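This report walks through one structure part by part. Please look over the sequence and the model before reading on.

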Amino acid sequence: MAAVVILLGPPGAGKGTQARMLEEDFGLIQLSTGDLLRAAVAAGTEAGKKAKAVMEAGQLVSDDIVLAILRDRMAQPDVSKGIILDGFPRTAGQAAALDTLLAETGQKITAAISLEVDDEAMVGRVSGRYTCACGEGYHDEFKQPATAGVCDKCGGTTFKRRADDNAETVRERLKAYHAQTAPLIAYYDGKAVLERIDAMGRIADIRAGLGRIIAGVSA
Ligand code: AMP
């Protein structure tokens, strides 16, 4: 059966960075509801129009909008390779909806991995980050391209910063995480699929640790 891996953790924990690496390492498909919502905002869809202000305030978009977007994505054929959920589920309602969706398609959760970090460090991590158009992530302080202004991965020169990656909004996002998402750690522990990893170390070490967890539970 194809793997279904959930990455849990506050903004800045490294979910997106690690999900992209796990795509490479395991051939899984990254499903980021944040990316899907940002694409909806950019495309000006009805869902995107409703989500825009909520996202800019660092609050959670309503479950019905997020679930509709996720269902559409999960109906695409490539997800049969297995998925890494990055930023979903974020509420108890979304977790229950995911259980139903997986049961309907005869799938189950392989692992829900909590990326454990210090909140205080997250404001600095998120505030300085930016991304190449190809998806490669950088940071003003921690990870600049080898040649200034040129992406190490694709050679591109177009970078962007997220509207919600500023210190004030990150604090709101951390609050939303603790109030609505952190309780899911206990939920998945209760289902005996929870794994924890220290995510304060080097990106490569965390990647290796996640790899060991996924290889272990998929065996
Ligand atoms: P992310 O890219 O995961 O940091 O998400 C960016 C923003 O998109 C969040 O702060 C929320 O406003 C919204 N968002 C992303 N995923 C979800 C979700 N599963 N439920 C509700 N809101 C979400």
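## The ligand and its polar contacts

In this predicted model, an oxygen atom of the ligand lies 2.6 Å from a polar backbone atom of Gln59. Two further contacts involve nitrogen atoms of the ligand. One is the contact with Val61, where a nitrogen atom of the ligand is 3.1 Å from a polar backbone atom. At Gly87, a backbone N or O atom is 3.0 Å from a nitrogen atom of the ligand. The ligand taken alone exposes 480 Å², and 96% of that is buried by the protein.

The shell around the ligand holds 16 residues, and the closest are Thr33, Arg38, Gln59, Gln94 and Arg162. By type, the residues of the shell divide into 6 nonpolar, 5 polar and 5 charged. Helix α2, residues 33-43, gives the most to this shell, with 4 residues.

## Strand β1

How many residues of strand β1 are buried? The strand covers residues 4-8, and 5 of its 5 residues are buried, so β1 is largely enclosed by the rest of the structure. Its side chains point two ways: Val4, Ile6 and Leu8 to one side, Val5 and Leu7 to the other, and all are buried.

Strand β1 is joined to two other strands. With β3 it runs parallel, and 4 bridges join the two; here Leu7 stands opposite Asp86 of β3. With β4, residues 111-116, strand β1 also has 4 bridges and runs parallel. The bridge partner of Leu7 in β4 is Ile113.

## Two loops

The loop between β3 (83-86) and α5 (92-104) contains Pro89. A cis peptide bond joins Phe88 to Pro89, with omega about -5°.

Another loop, between α8 (183-190) and β8 (194-198), contains Ala192. Phi of Ala192 is near 60°, which is a positive value in a residue other than glycine. Is Ala192 buried or exposed? Ala192 counts as exposed because its relative accessibility is 68%, and the cut-off for exposed is over 50%.

## The sheet of β5, β6 and β7

An open sheet is formed by 3 strands in the order β6-β5-β7, with antiparallel pairing. Which strands are at the edges? The edge strands are β6 and β7 (159-160), each of which pairs on one side only.

Strand β5, residues 129-132, is joined to β6 by 3 bridges, and the two run antiparallel. Along this pairing, Arg129 stands opposite His139 in β6.

## Gly137 in β6

Gly137 is part of strand β6, which covers residues 137-139. Leaving aside residues up to four places away in sequence, Gly137 touches Tyr130, Thr131 and Lys143. Tyr130 and Thr131 fall within the range of β5, residues 129-132.

Why does Gly137 count as partly exposed? Its relative accessibility is 23%, and partly exposed covers the values between the buried cut-off, under 20%, and the exposed cut-off, over 50%. As for its distance from another part of the chain, Gly137 and Leu184 are 47 residues apart in sequence and 27 Å apart in space, C-alpha to C-alpha.

How values were computed: Residues numbered from 1 in each chain as written. Predicted model: local features only at pLDDT ≥ 70, side-chain atom pairs only at ≥ 80, totals over all residues. Heavy atoms only, no water. Buried < 20%, exposed > 50% of the residue type's maximum accessible area, 1.4 Å probe, protein only. Contact = heavy atoms within 4.5 Å. Pairing = 2+ DSSP bridges. Near = heavy atom within 4 Å. Polar contact = N/O pair within 3.5 Å; in protein donor to acceptor, adjacent residues only side chain to side chain. Areas by Shrake-Rupley, 256 points an atom, 1.4 Å probe, with all protein chains shown as cover. Nonpolar A, V, L, I, M, F, W, Y, C, P; charged D, E, K, R; others polar.
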